[in-house]
Amino acid sequence: MTDVPSIQLNDGNSIPQLGFGVFQIPPEETAEATRVALELGYRHIDTAEMYGNEREVGEALRASGLDRGEVFVTSKLNNGYHRPDDARRAFDQTLSELGFDYVDLFLIHWPLPTLYDGDYVSTWKTLEEFKADGRARSIGVSNFEVDHLERLAAETDVVPAVNQIELHPYLLNEEVRSYGEEHGIATEAWSPLKQGEVLRDPVIVEIAERAARTPAQVVLRWHVQRGNIVFPKSTTPERIRENFELFDFELEPGDIERINGLDRGEAGRNGPHPDRMAYTG
Ligand SMILES: NC(=O)c1ccc[n+]([C@@H]2O[C@H](COP(=O)([O-])OP(=O)(O)OC[C@H]3O[C@@H](n4cnc5c(N)ncnc54)[C@H](OP(=O)(O)O)[C@@H]3O)[C@@H](O)[C@H]2O)c1
């Protein structure tokens, strides 16, 4: 079975660098997709309260016969629950949906600086409680910009273990990534394939042909060699397998540079800008 490297987090825990994402997988398909991923060797699953499929992730893990401790599971606080009491209830609900007594990693899904009087600091301090009581082994954030991270550093005691941000060849998000690197915050790259769009890029296709690999493998390998944590989503068993086969080849430095050169900055962004995201539905 492929050996997935681990990344050491700033709190001493470690996370498999490659996992399986379940965003936009309908609940009725989630248990089967997660089952396939676990069977192929994935040991890291990324879900969220917002995705509506935490229950099925927990079911798949229990059905797999693996021990709870063998699989790293992340979930995230939904946008409607930033106030401390709501966050406490939402976290209880996440554990109950998953059927677990702890998660490996719990994240604030979005900073929402235009909501809750811009107060994501008390939300973060609430996540610190979950870490202190052991129900979240690690805590982190998602979609935080540099100024949001600086504010946490100034006003709180615990540095996020990770920041999960949109990052792929069309949006390198370099300012946020390098802030993380300088401050011990691991970068998780969401939509690592830009939901499939970058796989048609001629540069990616050419590198893939030369390496006798698929475009998805080239893009995911690029992430891995840059140190990003990734969890591509697929409901197609053959792709779930393909996305896991990344550790028996290497891209040359020149190819990494060419892929870096595909960055389109803000024009390459797929999702909302974190400063403006205000959806709580
Ligand atoms: N924190 C956040 O705000 C946030 C936001 C978005 C995503 N995420 C996380 O990041 C994970 C991944 O991002 P994502 O789901 O948006 O997008 P993604 O992983 O970049 O792309 C998924 C899409 O690519 C296709 N695909 C996957 N592997 C492929 C392959 N080998 N060849 C061709 N096509 C392939 C999938 O199709 P099929 O399924 O049809 O095979 C699906 O349409 C999510 O599942 C979630 O865990 C987090």
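**Entry 1: the ligand shell.** I looked up the surroundings of the ligand and found 28 residues around it, of which D46, S191, K233, S234 and T236 come nearest. I note at the outset that the model is predicted. I then sorted the shell by residue class: eleven of its residues are nonpolar, twelve are polar and five are charged.

**Entry 2: polar contacts.** I examined the side chains that approach the ligand with polar atoms. For Q164, I found an N or O atom of the side chain 2.9 Å from a nitrogen atom of the ligand. For Q195, the partner is an oxygen atom of the ligand, and the distance to a side-chain N or O atom is 2.9 Å. For H109, a polar side-chain atom lies 3.4 Å from an oxygen atom of the ligand. I next looked up the surface of the ligand: taken alone it exposes 910 Å², and the protein buries 89% of that area.

**Entry 3: the pocket.** I asked which pocket the ligand occupies. The space that the ligand takes is the largest pocket.

**Entry 4: the sheet.** I traced an open sheet of eight strands with parallel pairing, and I recorded the strand order as 3-4-5-6-7-8-9-10. At its edges I found strand 3 (20-21) and strand 10 (229-230), each of which pairs on one side only.

**Entry 5: strands 4 and 5.** I followed one pairing within the sheet. Strand 4 (residues 44-46) runs parallel to strand 5 (residues 72-77), and three bridges join the two. Opposite H44 I found F72 of strand 5.

How values were computed: Residues numbered from 1 in each chain as written. Predicted model: local features only at pLDDT ≥ 70, side-chain atom pairs only at ≥ 80, totals over all residues. Heavy atoms only, no water. Pairing = 2+ DSSP bridges. Helix = DSSP H or I, 4+ residues; strand = E, 2+ residues; numbered from the N terminus. Near = heavy atom within 4 Å. Polar contact = N/O pair within 3.5 Å; in protein donor to acceptor, adjacent residues only side chain to side chain. Areas by Shrake-Rupley, 256 points an atom, 1.4 Å probe, with all protein chains shown as cover. 1 Å grid on protein atoms, 1.4 Å probe; cavity = no way out; pocket = protein on both sides within 12 Å on 5 of 7 lines; lining within 4 Å. Sits in = over half its atoms within 2 Å of the grid points. Nonpolar A, V, L, I, M, F, W, Y, C, P; charged D, E, K, R; others polar.
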